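Here are some quick notes from going through the model. They are in no strict order, so dip in where you like.

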Amino acid sequence: MSTQLKLPVLKNEKFLETTSNSVYVQWTISGADDIWHGRKQLIWEFKCSIDGKIESAEVRFDAAMDEYKARICGLRPDTKYRISVRSKLLSRKETETGAWRHLSVTTAPPAFAVIVDKDELEIASLRSQLQFALKENKKLETELKKQSHEQWQPEEIVAWISSLGGAFEKYKEKLLDAFTDEGITGAELYMVTESDLKAWGVVQFKDRKLLMRYLSQLTANDLRFEPLSQDSAGTDVLSDDEEDEDQVEEDIKNDEEVVAEKNEEVAVDQNDEAPKESASIPAEETTDATVATEPTDA
């Protein structure tokens, strides 16, 4: 019988910083002491409409915290946003989702500035790299959705695996080499096993298990076998194993026919010999009888 999970409630939220393309938010929760009992995992889901498209993201926490902070990026300058937040509480047997809580914020207008401080330059560089990475990630997701995974080439397979999370980034080069050498495309992904992943360099047990789960979900509806094909004459083209079985059956049948023919020959020979012996004996008896009953002259 499942137990009711006690969902945390977001409270005391406030925006610590608002820039032209991001906001930095802080919040606390109620019922924090009960969340981690039973090894539950807390997830915060964020949702926001950007340029008419609903964007969403999740952040996970595995330990209790007095307060939570997150920076929401990819926003437009001088724009009002309605950011929705809700909690998800996971245990080993169940998942429960809380109600949405809505936050309103307006980003700062674009500002001309010159940065000379070393730390500020590094932060600005990281923000620029993050923005570029987010755009490239969105572009990649759009391109991958346009085509079936069965049409993917090794480069596209590795790009998809890398998009699943940072844990797989370290295997990118090894997997690309393996897929290229083995000639693996998206159409063969359903045949990949955990042993294959280990041989290709995915050394961490947890990473292999997680990647196999993603592959299983991706290829759940893939064709698992090739249908029986036919040649141009309309006859079935059998596999090597089926041809071997048919050959064995044919050999057994031929052996049985040979044995039957030999048995028939033996039976005929026996029948031919039997009448000759029986015919000679009555002939001699008849001759003797005739002589014995023939009258003599007195």
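Is Lys 172 buried, partly exposed or exposed? Lys 172 is partly exposed, as its relative accessible area is 35%. One caution before the rest: this is a predicted model.

1. The Lys 172 pair. Lys 172 has a salt-bridge partner in Glu 169, and their closest N and O atoms are 2.8 Å apart. Glu 169 is partly exposed too, with 37% relative accessible area.

2. Salt bridges overall. Searching the whole structure turns up ten of them. One of these is made by Glu 45 and Lys 88, with 3.4 Å between the closest N and O atoms. That pair ties together distant parts of the chain: Glu 45 belongs to strand E3 (residues 41-50) and Lys 88 to strand E6, 43 residues apart. Take a look at the accessibilities here: Glu 45 is buried at 11%, and Lys 88 is buried at 17%.

3. A network around that pair. Glu 45 and Lys 88 don't stand alone, since salt bridges link them with Glu 58 and Arg 86 in a network. It's worth showing these four side chains together when you look at strands E3 and E6.

4. Another contact involving E6. Ile 83 sits in strand E6 and is buried, with just 1% relative accessibility. Its C-alpha is 5.9 Å from that of Lys 47, although 36 residues separate Ile 83 and Lys 47 in sequence.

5. Helix to helix. Glu 194 and Arg 208 meet through their side chains in a salt bridge, at 3.7 Å from N to O. Here again distant parts of the chain are linked: Glu 194 is in helix H5 (residues 194-199) and Arg 208 in helix H6 (residues 205-218), 14 residues apart. How do the two partners differ in exposure, buried or partly exposed? Glu 194 is partly exposed at 24%, whereas Arg 208 is buried at 7%.

6. Cysteines. How many disulfides does the model have? The count is zero, with a disulfide taken as two cysteine sulfur atoms within 2.5 Å. As for accessibility, Cys 48 is buried at 7%, while Cys 73 is partly exposed at 23%.

7. A negative patch. Asp 117, Asp 119, Glu 120 and Glu 122 come together on the surface as a patch of negative charge. Glu 120 is part of helix H2 (residues 118-146). Glu 120 counts as partly exposed because its relative accessibility is 41%, which falls between the 20% and 50% limits.

8. A nonpolar patch. Phe 112, Val 114 and Val 116 make a nonpolar patch of about 430 Å² on the surface. Val 116 is in the loop that runs between strand E8 (101-106) and H2. Val 116 counts as exposed because its relative accessibility is 71%, and the cut-off is over 50%.

9. Backbone oddities to check. Which residue other than glycine has a positive phi near 50°? That is Asp 78, found in the loop between strand E5 (68-73) and strand E6 (80-90). Asp 78 is exposed, at 52% relative accessible area. Asn 12 isn't a glycine either, yet it has a positive phi of about 55°. Asn 12 lies within strand E1 (residues 9-18) and is exposed, with a relative accessible area of 54%.

Key. Residues are numbered from 1 along each chain as its sequence is written. This is a predicted model: local features need pLDDT of at least 70, side-chain atom pairs count only at pLDDT 80 or more; totals for chains, interfaces and linings use all residues. Side-chain values use heavy atoms; hydrogens and water are left out. Buried means under 20% relative accessible area, exposed over 50%, partly exposed in between (1.4 Å probe, protein chains only). Patches are made of residues with over 30% relative accessible area and no salt bridge: like charges are joined within 9 Å, nonpolar side chains (Val, Leu, Ile, Met, Phe, Trp, Tyr) within 5 Å. Accessible areas come from the Shrake-Rupley method with a 1.4 Å probe; for residues, only the protein chains shown count as cover. A salt bridge is a side-chain nitrogen of Lys or Arg within 4 Å of a carboxyl oxygen of Asp or Glu. Lys and Arg count as positive and Asp and Glu as negative; His and the chain ends are not counted. The place of a charge is taken as NZ of Lys, CZ of Arg, CG of Asp or CD of Glu. Helices (H or I, at least four residues) and strands (E, at least two) are DSSP runs, numbered from the N terminus.
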